[in-house]
Amino acid sequence: MATKMDDEEKQKLYDEFVKGIWRENPVFIQVLGLCPSLAVTNSLMNGIAMGAAVLFVLVCSSFLISLLRNVIPKPVRISIYIVVIATFVTAVDFTLAAVAPDLHKSLGAFIALIVVNCLILGRAEAFAGRHGVKESVADAIGMSIGFTLALCLIGGIREALGNGTLLGYSLFGPNFEPWVIMILPPGGFLTLGAYLFLFAYFKERSEEKKQRQADAARNLTEGRRAA
Amino acid sequence: MEATREPSAQRLILSLSISGLVAGIVLVGVYDVTYPAIQKNRAEAVKKAVFKIYGEHTKGFEVFLLGSDHKTLQAFDMSGGALPEGSTVFGAVDSSGQLMGYAVPAEGAGFQDTIKILYGYDPTQKRIVGMEVLESKETPGLGDKIGSDAKFRANFTALSVEPAIQLVKGKKSGANEVDAISGATISSDAVVKILNRSLDQWRPILAAEAAKKSGAKER
Amino acid sequence: MIGIATAAAIMTGMALLFAILLAIAYRFLRVEEDPRLEIVEGMLPGTNCGACGNPGCHAFAEALLRQTAAPGKCTVSSPTQVDAIARFLGVDAGVEEKRVARLHCGGGYGLALRQAEYQGYSSCRAAVLVSGGGGACGWGCLGLADCERACTFDAIKLNDRLLPVVDVDKCTACGDCVEVCPVDLFTIEPLSKRLIVQCNSPLKGEAARKVCSVACDACGRCAADAPDGAIEIVNGLPVVKVPSLTSERATFRCPTCAIQWVQGNQFADDTVAPLYEGGSIASAILSAHREDERASRG
Amino acid sequence: MKRHAPDLIITTAPFLREGSSTPELMRQVLLATIPVVAAGTWFFGFGALLVIFTATVGAVAAEWFLSGNRSGLGTLADGSALLTGILLGLTLPPPIPLWMAFLGGAVAIALGKVIWGGLGHNIFNPALVGRAFLQAAFPEPMTTWSAPVSSWFSSSSPYVAVDPRTFALPLMRVKTDVITAATPLGLAKFQGKGTDLWSLFFGNTGGSIGETCAVLLILCGLWLASRRALEWRLPVAALSSVFVFSSTLHLIDSTRYPGPLFMLLSGGILFGSVFMVTDPVTTPITRTGAWVFGAGLGFLVVLIRIFGGLPEAVMFSILLMNAVTPLINRATQPRTFGY
Amino acid sequence: MTGLLQAIRKSPQPTFHHGVHPEENKGRTNRLPVARMPFVGEYVLPLSQHLGAPSPPIVVPGQRVERGEAVARPGGFVSVSLHSPVTGTVKAIELRPHPNGKLMPAVVVQADPFASQRDQFPAVPDPLLSARETVLQHIQSSGMVGLGGAAFPSHVKAKVPDGKRVQFAVLNGCECEPYLTCDHRVMVENPGDVIRGFQILLSLVGAERGYIGVELNKADAIAALRAAVGRAPLPIEILGLEVKYPQGAEKMLLDAIFHREVPSGKLPLDLEIVVNNVGTAAAIAQYFDTGKPLIERVVTVTGDAVSRPANLLVPIGTPVSAVLEHCGLRQGEARQVIVGGPMMGLAQKDLDVPVLKGTSGILAFTSETVRVQAEMPCIRCGRCLDACPVFLNPSRLAMLVRTESVDELERYHLLDCFECASCSFVCPSSIPLVQLMRVGKGLIRQKKSSK
Amino acid sequence: MNDLLWIFVSAAIINNFTLTYFLGLCPFFGVSNKIDTALRMAAANIFVLVITSFSTWVLNTFVLFRAEYLRLIAFIVAIACTVQFVEMVIKKTSPALFKALGIYLPLITTNCAMLALALFQTTRGYGLLQGQAYALGAGVGLGLALLIMAGIRQENELVTIPKLVRGAAMNFFIAGILSMAFMGFAGLFSSH
């Protein structure tokens, strides 16, 4: 009996974890946290670093907020969430500046701007403030992995086309003509738009396929009945 | 319903204050831990740029703050490891501890956004001896060549600042002329403008300093 | 140590300041709002279909809180959703009988006389303005699918005779089709009402049969065969007075099949032979309409 | 009961129509581009024709693939994709690699037209969307110009004049030290050098393939206007606005700011006015709006050419004005009769 | 370039702004004198042929009626009587096809083949000597309506409400619709009737001056009217107007003559002006001369599907099919039959519909003329804006109708559209703009009624 | 004076907060579906930006010079509280104004443009006046982008955008094209 309960709980945690990676992907599905997803993704490395920073902040703040959710008075909850998040963000900011100054420079103010990333405050308000510690942390990890994944996809394509490199390694040789637009602002918008278009396309194709299969199955059963 | 019951004002104030207090303390801790490393990184960055301008003989650099009279420089003690805030110039020092020249940070409007540069200036010969771009958002592949294009950078190895620096296209003829990067005229122009503007401010001060120093030496 | 003191002082001071400010504001500037409103609205489907008689889900939620409406009025919500709302509000669900939209015309392609060919904007509302459409019967279905487009729930599809078939499983009785039909052919009826008059023309006798082979010619046989007073002929059309008739006897002697015993969808077993040769004309027109629509709507 | 399919057609009034049709308008604009294409080929050599052709192929191919029509000509029949391709080709610099021209054509159709739902729905001029994409993606090739190989009456064999860069492999570049030329606007902005107005008028200067020959563009514009294939207010407003703003500056300081005739004859303003600004889809529908659009365009062109970082601004200015066209349309609704 | 020239060249003739120039196509009939349509067997008299309340019948099936005898009385103030055009028997009162496409209640009269059908009507008083109320009542019981097309009861127009006054009266002789020549022929053949009718109207409304606006393509009509006025020194002026569609629309006509715009939602009466059709004036004069109520009217029958085009004096109620047959309809070739003009008329699906009081023309076209072009996307060329005489934005309105944005439709003044079809006429993409406008008006009405 | 002009123009069009810095994207896409809404949002934005610029300048000059490491947290708390306070005041004093502007205020709290403005003006060492010019420029820039976007989107509602790009994807494409068009302003006034 106990193991069954455990399994159920595990399954639930797993669900909370997995949903953020794809089904409720913060960037591609919920279209949240856009500022950093477009601003810093002119290289893959930036994307990874930003993702890691968000991971840290989101997990820590979700943990703390879900822990304290019954203590925090409702009218000032947003202010307190912000204080908590800002503290963690400042910590990340300083740490990055101390450990990897070049990366810190290329991410610029966007590390600090994690504070106002709708993704983080959104998770705090919508999830961590209403759920237990375990679920909140699982949700936070899933969401930030989904976020990082999206950032890597965007950053990868932008760096590859815009600079001819991936993580600094040359892809196309010295005569490559870089598509400068990809690392400029318009490239960010267009890349994300193109990804959304592609996902919509694949979704429609898979739905069409499902529909066709369902039709075929129905025809088969009806044919049998008629026979 | 529970949610509709109003918490007391004292509780609101108390919880917000406590969270502020805790956050403040945590941040001080983080700050204290990371402070030395961050300052070291900043100093490193300046050092790297100064070395690039003044070459392999450079040993280190000194920091000078603009005095409150806006006319004289005051040496700043770097032993604390931190760079000061405010208007600063750096002095490049060779292995013998001799001052080789100054490295002056300057910034101004570029093609896209603010460009920040550091340039080496020799007040006695009245010329620029080198230039490094610290920060720019110029167009990749075109404008950002101001930091990477060797031919363009060569313009600044011995650039006379009297009369004021001029931008030309094609053939460079005078000692005070800078040959623009083709296709990035505006960015090249921006660098020249930043230099001229910064020199207007620093030239008399640095000249006075140099005169003071040489005077002291002669005496 | 000084650093810590400064930081603590600044942060606490700031927090204190803002907290006091907000606390004051919270105390003196608050505007009262029923917190349940948001929750109830969140529980509603949010389709704003208006079937409940309110202008939208928000208004319905307000009505629910005022207790001037029962949760069951929402025809879109499933019974469990209705139950949930009722439980939340602590009121009776007041579940309504399932109702669906019914079409009062059977004069599809090949059955009703077409006098002229309509060309132009492919919409019933537009066609009815041009000499009342190409059909001879001015009361009949125009077959240009305004209802199909208007249906939010994807419950209406034109069949091969260009007649709209309402899928009773998907229909929520929201009334959009009733509103959109320019010749007012739809009514909302309880699903249990089986006797449906599939004609809307007041013409009688030969005049009616001349324009449509499935028109009601007001012969009165159904009224005669039904229990006393259950069916009455009013203005050339039978009116079913007792909706819960359990016998399909009244339809047996109808010479034109204008009155039908419907179980489930209408036109489910369309066995009337087409008057035109080649039933594919209708489907060709249907696909042409669809093509037009695609072209005009991108 | 014998019944036959109905003879009579019922449609709504009016039962008469004026003659002109949308495909006919397209055809006339297409016809007007022919002399411009020919002149571009004459001035910049066979390579220029290849560039135009490739851009057109890119546009038509994109339309074919993205419109989802596999039978018949589909939306290609209205000729708008063809026109977009040709216009894009005419705005490109002559020595651009062909793969870029192809890419530009495809982007023009995909981003400029198809995603908006096709002809008539787009907000931005498709050809210019394609060109803006190329300009942002490949700033260097897009600002590398070659000198004309022919003048009006003499030529150094234009049919063989093909720049080696034109044949760069896809995604690659050819590194050469070919002599480049500057556009008259570039010369004026960066080197303070003027250009003879007559060379501007007859097209003996560097620049995009279709923009150099002013006299031809003026003639094409007049022809189109005489066929009522364009809304004359738009080019007139744009050109006079450029004239007014540049003359004002010129009067203030004639040494720093070039004269109005130079501003009108150089760069793409004439080409833009005849072929881009007159695209009805992306410009205001109201007559007052047309004047506002033209005035705004002229202002932006002069502003960016003189105070901006780029020597040429017609493309950006048109795109910016396209962006505000919905707002202009709203603000300039005609007064209804009786109000 | 022509556009530019047109803008520079100011038209010397008075006219309104915008509008279109369709081909006139009046040449086949404008020289043909008005002929009489022979009597047929059955006449259908729909009870609602005019704007306003339908007329309740005052006869029963089987009853014998004389030519000119009333078969229906006015159903209210905004309603008129209806008279039998022939001597015969009332066959039925039932639903019959109406040119608007619906089946509508009508009195069907079977003509007596042996009756003489002579003009023999009760005498009426002299309108210029009788009390105003009496004259108005006589006009109402004569079944008089505007013959221009809208069929608005004439007595309502001639009655000036208390507190209002009328400064000018205008007769509309523009006949701007292509193909139609019935008003033209009336002006040429009966200028005296027109002027006399106008005099009656002038005295009824108490106007100090009268104007007759005639388009310049009817020079003979202008000459005839001027001659008729010249004989009697009257405060009436005949104005030649530029040939342009829709000059004959009331508001456009007033703009052309007085350069004043009728405010939105208001009537010419608010400008102290009353407008009537020339045909109506002639019919009023004839009524007071002979006592003949409105039982016949002049109809232009033309189009490439009729071999003998004509201007016919047709008894009201005659089936369109009979009229067309009389004019030599090419059987099997006609693809479209229109009642009214080619710009604002109605296409018919059933040729058994009757000629009404407001029927000014019957046009039959073969497939050569009827070209239904495929609709193309709107390219926002703005030609519809240049054509619209009330300065609307049809292109945008069409899009708003398609997306059913009812609030926006009202904001863009859709209700000021009077469906002149100039926008559809010029649209190079063949978008059914007027039709969309009509649908849009329906949407607005529906929204208003559901509120 | 020239300096102020450049700061203003740079923030408004050359380095438009939305189209080149990607700041304030959520409200940019969220409330740009109607021109009317966009106008109000733009007004609210400018209002809050100017207040933010002022209050953070005060905070930075008079309080934080002792503890720069508290900048981020102090700024964000200050912005959040100011906005919330302003919102409450408007809600109480003028329901009409609240209906017009107030509902956008909570959206603005978590708008990165506000915090970014505060941080940028601090790191660039702008004084009070420069800060105000910067805030005004940023506000005008956000408003401009918002208004243009709203105009285009409202126009798009009249036609049928293909299903695959309808919604978010289309918005990104429009923003991308707009961003390309705004590149034309690069270098404006910088060389004069």
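Visitor: How many bridges join β6(B) to strand β7 of chain B?
Guide: This is a predicted model, so keep that in mind throughout. Strand β7 of chain B covers residues 159-160 and runs antiparallel to β6(B). B:Arg127 faces B:Ser160 of β7(B) across this pairing. The number of bridges that join β6(B) to β7 is 2.

Visitor: And what residue stands opposite B:Ile117 in β6(B)?
Guide: Start with the pairing: β5 (residues 114-122) and β6 (residues 127-135) of chain B run antiparallel over 7 bridges. B:Ile117 has its opposite number in β6(B), and that is B:Val133.

Visitor: Which residue takes a positive phi in the hairpin of β5(B) and β6(B)?
Guide: Look at the stretch that links the two strands, where the hairpin has 4 residues between them. One residue there has a phi near 55°, and that residue is B:Lys126.

Visitor: Over to chain E. Why is one side of β1 and of β15 left without a neighbour in the sheet?
Guide: The sheet is an open one of 6 strands with mixed pairing, in the order β1-β13-β12-β16-β14-β15. That puts β1 (35-36) and β15 (346-347) of chain E at the edges. One side of each goes without a neighbour because each has a single partner strand.

Visitor: What is the bridge partner of E:Val301 in β16(E)?
Guide: Strands β12 (residues 296-302) and β16 (residues 361-366) of chain E pair in the parallel sense, with 3 bridges. In β16(E), the partner of E:Val301 is E:Ile362.

Visitor: Which helix lies across β12 and β13 of chain E?
Guide: Here β13 spans 310-315. The helix in question covers residues 182-189 and runs at about 125° to β12(E), and its name is α4.

Visitor: Which three residues supply 45% of the area that domain 1 of chain E buries against domain 2?
Guide: The domain assignment makes domain 1 of chain E from 2-32 + 123-287, and domain 2 from 383-449. Their centres are 28 Å apart over C-alpha atoms, and about 940 Å² is buried between them, 66% of it on carbon and sulfur atoms. On the domain 1 side, no other three residues give more than E:His18, E:Val20 and E:Met252.

Visitor: How many residue pairs in polar contact are there across the interface of domain 1 and domain 2 of chain E?
Guide: In terms of residues, 14 of domain 1 touch 13 of domain 2. Salt bridges across this interface number 0. Pairs in polar contact, with both residues at pLDDT 80 or more, come to 6.

Visitor: How much area do chain D and chain E bury between them?
Guide: Chain D has 41 residues in contact with 67 residues of chain E. Of the buried area, 57% is on carbon and sulfur atoms, and the total is about 4,900 Å².

Visitor: Which three residues of chain D supply 17% of the area it buries against chain E?
Guide: Going by the area that chain D buries against chain E, no other three residues of chain D supply more than this trio. They are D:Phe15, D:Leu16 and D:Phe337.

Visitor: Which residue of chain D forms a salt bridge with E:Asp386?
Guide: There are 3 salt bridges between chain D and chain E. In the one with E:Asp386, the closest N and O atoms are 2.7 Å apart, and the partner is D:Arg287.

How values were computed: Residues are numbered from 1 along each chain as its sequence is written. Chains are lettered from A and ligands numbered from 1 in the order in which they are written. This is a predicted model: local features need pLDDT of at least 70, side-chain atom pairs count only at pLDDT 80 or more; totals for chains, interfaces and linings use all residues. Side-chain values use heavy atoms; hydrogens and water are left out. Two strands pair if DSSP finds at least two bridges between them. Contact means heavy atoms within 4.5 Å. Axes are lines fitted to C-alpha atoms, for helices over the stretch in contact, and angles run from 0 to 180 degrees between N-to-C directions. Domain bounds come from an automatic or database domain assignment. Buried area is the accessible area (1.4 Å probe) that two parts lose on being put together, summed over both. A salt bridge is a side-chain nitrogen of Lys or Arg within 4 Å of a carboxyl oxygen of Asp or Glu. A polar contact is a pair of N or O atoms within 3.5 Å; within protein, one must be able to donate a hydrogen and the other to accept it, and residues adjacent in sequence count only if both atoms are side-chain atoms.
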